Amino acid sequence: MALLPILTAPDPRLKKKSEPVDAVDDVVRRLMDDMLETMYAAPGIGLAAPQVGVLKRVIVLDIDREETRTGPLFMANPEIVEASDEDATYEEGCLSVPEHYSDVVRPAAVTVRYLDRDGAAQELKCDGLLSTCVQHEIDHLDGILFIDHISALKRNMILRKLLKARKEKEREEAEGGPANPKEAAPVL
């Protein structure tokens, strides 16, 4: 397995729509394994293939750190087939939008259909944090970030900060290292 670089907004690749997986083969399983390792190292609870620069409909999740115990979930071609009328609000963050969080309203429960790591068709009813996480990661497959669900003013402020941070990082790397060591802390 290998750690993959995680793209950060406003990288234009994050806004592209992903292509379906033809079959869950060894290449897709390797991608899933690498994504899971990358997600754990970040650390995070979900990761979509576009976040690592692969425009395929693949996501991985593991929310075992919360009250729901799922273990690692591997999903190829996930699609929401049912969503509740009831909404839930969660404060969301994203490995591609580091250090920024915002309340996002989504359906409280969804049913997702997907191919698992072995290529078998599965259907899973999700609620709570799992529902939010599944919807968040599926959004990535369609080129949607959680900040696209918030006000334009707040979204633009976040994107400006991320662009400024990227430029500072590039400048620091060109000068031979980070000027501010506390920026090296892991993103939650």
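Where is the place of Ile 144? Let's start there: Ile 144 sits in the loop between H2 and helix H3, which covers 152-174. Before going on, a word of caution, since what we have here is a predicted model.

So, Ile 144. Is this residue buried, partly exposed or exposed? Its relative accessibility comes out at 29%, so Ile 144 counts as partly exposed. Now look at who is around. Leaving aside residues up to four places away in sequence, Ile 144 touches Leu 14, Lys 15, Asp 139 and His 149. There is also Lys 17: it is 127 residues apart from Ile 144 along the chain, yet the two C-alpha atoms are separated by 8.6 Å.

Okay, how far can we trust the model? The chain averages a pLDDT of 90, and 91% of the residues score at least 70. One stretch to watch is residues 179-188, where the pLDDT is below 50. That stretch still has twelve contacts in the model beyond near neighbours in sequence. Where pLDDT is low, though, the predicted coordinates should not be read in detail.

Now the sheet. In what order do its strands come? It's an open sheet of five strands, ordered S1-S2-S3-S6-S7, and the pairing is antiparallel. At the edges you'll find strand S1, residues 46-48, and strand S7, residues 121-127. Each of those has a single partner strand, so one side of each is left without a neighbour in the sheet. On average, neighbouring strands here are turned by 40° against each other, if you ignore direction. As a reminder, strands of a sheet pair through backbone hydrogen bonds, either parallel or antiparallel.

Let's walk across from the S1 edge. S1 pairs with strand S2, residues 58-61, in the antiparallel sense over three bridges. If you want to find the register on screen, Ala 48 has Ile 59 in S2 as its bridge partner, and Gly 46 stands opposite Leu 61 in S2. Going one strand further, S2 and S3 are antiparallel too, with four bridges. There, Leu 61 stands opposite Leu 73 in S3.

Stay on S2 for a second. In a regular strand the side chains alternate between the two faces of the sheet. What covers the two faces of S2, and which residues are buried there? Both faces are covered, with Val 58 and Val 60 buried on one side and Ile 59 and Leu 61 buried on the other.

Then the helices. Helix H1, residues 26-41, lies across S1, S2 and strand S3 (73-83), and runs at about 40° to S2. Helix H2, residues 128-141, lies across S1, S2, S3, strand S6 (109-115) and S7, running at about 125° to S7.

At the other end of the sheet, seven bridges join S6 to S7, and those two run antiparallel. One of the pairs to look for is Val 110 with its bridge partner Cys 126 in S7. S6 and S7 form a hairpin with five residues between them, and Gly 119 in that turn has a positive phi of about 85°.

A quick stop at the rings. How many aromatic pairs does the structure hold? Zero. But do look at Phe 74: Arg 117 lies over the face of its ring, at 5.7 Å from the ring centre.

Last topic, the backbone oddities. Most residues other than glycine have a negative phi, and most peptide bonds are trans. Here are some that go the other way. The peptide bond from Ala 9 to Pro 10 is cis, with omega near 10°, and Pro 10 lies in the segment before H1. Ala 42 and Pro 43 are also joined by a cis peptide bond, with omega about -15°; you'll find Pro 43 in the loop between H1 and S1.

As for phi, Asn 77 is not a glycine but has a positive value of about 55°, and this residue lies in strand S3. Glu 99 is another non-glycine with a positive phi, about 65°, placed in strand S5, residues 97-107. With 58% relative accessibility, Glu 99 counts as exposed.

That's the tour. If you go back to one spot, try the loop between H2 and H3, where Ile 144 sits.

Definitions and conventions. Residues numbered from 1 in each chain as written. Predicted model: local features only at pLDDT ≥ 70, side-chain atom pairs only at ≥ 80, totals over all residues. Heavy atoms only, no water. Pairing = 2+ DSSP bridges. Axes fitted to C-alpha atoms, helices over the stretch in contact; angles between N-to-C directions. Contact = heavy atoms within 4.5 Å. Buried < 20%, exposed > 50% of the residue type's maximum accessible area, 1.4 Å probe, protein only. pLDDT = per-residue confidence, 0-100. Phe/Tyr/Trp six-rings, centres within 6.5 Å; stacked < 30°, edge-to-face > 60°. Lys NZ or Arg CZ within 6 Å of the ring centre and 35° of its normal.
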